[in-house]
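These are my notebook entries on a single protein model. I record what I looked up, entry by entry, beginning with one charged side chain.

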Amino acid sequence: IDQHAAAERIKYDNLMTRYLENNLVDTVDLLIPIKLGLSSQQLEIVPSLIAFFAKFGIEIEKFGFEYIIRAYPKTIFKSRLEEMILEIIDDIIKSGEDFSKDEVINKNLDKIISTMACHNSIRAGYTMSKDEIKWLIKDLLSTKLPYSCPHGRPIIWEISENDLEKRFGRVK
C-alpha cells in the first residue's frame with residue numbers, strides 16, 4: 001500500500017463530500033495569523049478568491065497592504081497551508097478563468113480538492129505505527145475508489161508469493 005496515495009484518497013473523499021454537501025468545515029482560528037507571501041500577479045487575484053477559499057474553511061483577509069490567513073480547516077496541516085494556497089492560486093491564474101463563478105469552481109473542483117488532499121497527506125517515508133496502519137486501511141476501504149489516488153496512481157499492489165520468490169531468484 002502506498003501510504004501517501006491512500007491518505008490522499010481518504011482526504012480527497014472527505015473534502016469533496018463536505019464541499020458537495022455544503023457541510024460546515026471544522027476550522028481552527030489562528031492566534032497569530034499567517035502572512036501570505038504573494039507575488040504581484042497573485043496579489044491582483046486574491047481579492048476575488050476570498051469567498052472561494054471561504055467555501056473550503058480557509059479565511060483570508062486583507063490586512064493593510066497584505067493578505068493574511070485567519071482560519072483554516074482542521075483536516076489541513078498548518079505547516080503546509082501557505083504552500084497549498086499559493087499552488088491553488090497559481091493554478092487559478094494559469095487557468096485564466098473567473099473563480100468568483102460557481103460553475104467555474106465546480107468545473108475545477110476535482111483539481112482543487114486533489115491539490116488540497118495531496119498537500120495534507122502522510123508523506124512517503126513516514127514510519128507509521130500499527131494503529132495508524134489500521135486506521136489508514138480501515139478508512140481507505142470506506143472510500144468510493146480505494147484502488148487509486150485522486151491523480152489516478154495505484155494505491156494497492158498485490159504481489160504473489162511466487163512473484164516474490166522469482167524476484168529473489170528462488171524459482172524460475
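**Entry 1: Lys 107 and its partner.** I first looked up how accessible Lys 107 is, bearing in mind that the model is predicted. Lys 107 has a relative accessibility of 60% and therefore counts as exposed, since the cut-off for that class is over 50%. I then looked for a charged partner and found that the side chains of Lys 107 and Glu 97 form a salt bridge, at 2.6 Å from N to O. Lys 107 belongs to helix H5, whereas Glu 97 sits in the loop between H4 and H5, so the pair ties together parts that are ten residues apart in sequence. For Glu 97 I noted a relative accessibility of 24%, which counts as partly exposed.

**Entry 2: other salt bridges.** I searched the whole structure and obtained seven salt bridges. One of them joins the side chains of Asp 91 and Lys 111, with 3.2 Å from N to O. This pair links distant parts of the chain, for Asp 91 lies in helix H4 (residues 81–95) and Lys 111 in helix H5 (residues 102–119), 20 residues apart. I recorded both partners as partly exposed: Asp 91 has a relative accessible area of 21%, and Lys 111 has one of 47%.

I also looked up the salt bridge between the side chains of Lys 138 and Asp 139, which is 3.3 Å from N to O. Is each partner buried or exposed? Lys 138 is exposed, at 57% relative accessible area, while Asp 139 is buried, at 17%.

**Entry 3: H4 against H5.** Two packed helices are described by the angle between their axes and by the distance between those axes. I therefore looked up both values for H4 and H5: their axes come within 10 Å and cross at roughly 155 degrees. Angles over 145 degrees count as roughly antiparallel, and H4 and H5 are therefore roughly antiparallel to each other. The crossing of H4 past H5 is right-handed.

Next I listed the residues that make this contact. H4 contributes Glu 83, Met 84, Glu 87, Ile 88 and Asp 91, and H5 contributes Lys 111, Ile 112, Thr 115, Met 116 and His 119. Sorted by class, the contact of H4 with H5 has four nonpolar, two polar and four charged residues. Asp 91 and Lys 111, the salt-bridge pair of my second entry, are both among the contact residues.

**Entry 4: H1 against H5.** I repeated the search for helix H1 (residues 3–20), whose axis comes within 8 Å of that of H5 and crosses it at roughly 140 degrees. That angle makes H1 oblique to H5. H1 also passes H5 in a right-handed crossing. The residues of H1 in this contact include His 4, Tyr 12, Leu 15 and Tyr 19, and those of H5 include Ile 105, Leu 109, Ile 113 and Cys 118. By class, I noted eleven nonpolar, three polar and three charged residues in the contact of H1 with H5.

**Entry 5: Thr 75.** Finally, I looked up a loop residue. Thr 75 lies between strand S3 (66–73) and H4, and is partly exposed, with a relative accessible area of 28%. Which residues does Thr 75 contact, leaving aside its neighbours within four places in sequence? I found Lys 11, Asn 14, Leu 15 and Asn 120. I also noted that the C-alpha atoms of Thr 75 and Ser 142 are separated by 17 Å, the two residues being 67 residues apart along the chain.

Terms used:
Residues are numbered from 1 along each chain as its sequence is written. This is a predicted model: local features need pLDDT of at least 70, side-chain atom pairs count only at pLDDT 80 or more; totals for chains, interfaces and linings use all residues. Side-chain values use heavy atoms; hydrogens and water are left out. A salt bridge is a side-chain nitrogen of Lys or Arg within 4 Å of a carboxyl oxygen of Asp or Glu. Helices (H or I, at least four residues) and strands (E, at least two) are DSSP runs, numbered from the N terminus. Buried means under 20% relative accessible area, exposed over 50%, partly exposed in between (1.4 Å probe, protein chains only). Axes are lines fitted to C-alpha atoms, for helices over the stretch in contact, and angles run from 0 to 180 degrees between N-to-C directions. Angles under 35 degrees count as roughly parallel, over 145 as roughly antiparallel, 65 to 115 as roughly perpendicular and the rest as oblique. A crossing is left-handed if the near helix is turned anticlockwise from the far one by less than a right angle, and right-handed if clockwise. Contact means heavy atoms within 4.5 Å. Ala, Val, Leu, Ile, Met, Phe, Trp, Tyr, Cys and Pro count as nonpolar, Asp, Glu, Lys and Arg as charged, and the others, Gly among them, as polar.
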